[in-house]
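Dear colleague,

I am passing on the structure below, together with an account of what turned up in it. Please look it over first, and then read on.

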Amino acid sequence: MDFGNSRDTGQVILSTIGKVKQPNSDKFETVECLPFITEEFGELLRQSETGGAPSCSIAEALEKQDLFINSTVAQAGCSLLWQLFRNGYTANRGCFLNLREFRASPLPV
């Protein structure tokens, strides 16, 4: 699971290491492999800004990053894992978050 964020946006994306044999299903189309973020969004990653050095103070850190982006991305990842454990499947393998615009976009399997 990849967690990443910038000033006020972030993503959580679930991937697999290799193929995972899935049981047959009459209800769902199963998927054996979820690509790594670097395979699927590599070009976007290369274009994105790097974080730079860590901040020495809270005030300096808040100038670089929204106060709640880390916790929001973490909660989204925990929710995804909870759905997998509780239901045994998921229709989405992650999401993109934008706190400035209060928007979350799912990433379907």
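Helices and strands are taken here as DSSP runs, with at least four residues for a helix and at least two for a strand, and they are numbered from the N terminus. On that basis the chain, which is a predicted model, comes to four helices and four strands, and along the sequence these elements follow the pattern β-β-α-α-α-α-β-β. The chain has 109 residues, of which 22% are buried.

**Confidence**

As this is a prediction, the confidence values deserve a look before the details. The mean pLDDT of the chain is 83, and 83% of its residues reach 70 or more. Among the elements, the highest mean pLDDT, 95, belongs to β4, whereas helix α3, residues 58-64, has the lowest, at 65.

**Strands**

How do the strands pair? β1 and β2 run antiparallel to each other and are paired over four bridges, with a hairpin of three residues joining β1 to β2; within this pairing, N5 has G10 of β2 as its bridge partner. β2 also pairs with β3, again in the antiparallel sense, over five bridges, and there I13 stands opposite G94 of β3. Four of the five residues of β2 are buried, and this strand is therefore largely enclosed by the rest of the structure.

A further contact in space involves F36, which is placed in the loop between β2 and α1 (37-40) and is partly exposed, with a relative accessible area of 36%. The C-alpha atoms of F36 and D2 are 8.5 Å apart, although the two residues are separated by 34 residues in sequence.

**Salt bridges and cysteines**

How many salt bridges does the count come to? There are two salt bridges by the rule applied, and the general background is that side chains of opposite charge can pair when their charged atoms come close.

In one of them, D8 pairs with R100, and the closest N and O atoms are 2.9 Å apart. Because D8 lies in the loop between β1 (2-5) and β2 (9-13) and R100 in the loop between β3 (92-98) and β4 (103-108), the pair ties together parts that are 92 residues apart in sequence. Solvent exposure differs across this pair, since D8 counts as buried at 12% relative accessibility, whereas R100 counts as exposed at 55%.

In the other, E101 forms a salt bridge with R103, and here the closest N and O atoms are 2.5 Å apart. Both residues count as partly exposed, E101 at 43% relative accessibility and R103 at 44%.

As for the cysteines, a search of the whole structure finds zero disulfides. C78 is partly exposed, with a relative accessible area of 48%, while C95 is buried, with a relative accessible area of 13%.

**Backbone at F102**

Which residue other than glycine has a positive phi, near 50°? That residue is F102, which lies in the loop between β3 and β4 and counts as exposed, with 77% relative accessibility. For context, most residues other than glycine have a negative phi, so you may wish to look at the backbone of F102, with its phi near 50°, when you open the model.

**Nonpolar surface patch**

On the surface, M1, F3, L81, W82 and F85 make a nonpolar patch of about 560 Å². Which helix gives the most to this patch? The answer is helix α4, residues 69-87, with three residues. M1, another member of the patch, is placed in the segment before β1 and is partly exposed, with a relative accessible area of 37%.

**In brief**

To draw these points together, the picture is of a predicted chain in which β2 pairs in the antiparallel sense with β1 and with β3, in which the salt bridge between D8 and R100 ties together parts that lie 92 residues apart in sequence, and in which a nonpolar patch of about 560 Å² is found on the surface. The low end of the confidence range among the elements is helix α3, with a mean pLDDT of 65.

With best regards

Key:
Residues are numbered from 1 along each chain as its sequence is written. This is a predicted model: local features need pLDDT of at least 70, side-chain atom pairs count only at pLDDT 80 or more; totals for chains, interfaces and linings use all residues. Side-chain values use heavy atoms; hydrogens and water are left out. A disulfide is a pair of cysteine sulfur atoms within 2.5 Å. Buried means under 20% relative accessible area, exposed over 50%, partly exposed in between (1.4 Å probe, protein chains only). A salt bridge is a side-chain nitrogen of Lys or Arg within 4 Å of a carboxyl oxygen of Asp or Glu. Patches are made of residues with over 30% relative accessible area and no salt bridge: like charges are joined within 9 Å, nonpolar side chains (Val, Leu, Ile, Met, Phe, Trp, Tyr) within 5 Å. Accessible areas come from the Shrake-Rupley method with a 1.4 Å probe; for residues, only the protein chains shown count as cover. pLDDT is the predictor's confidence in each residue, from 0 to 100. Two strands pair if DSSP finds at least two bridges between them.
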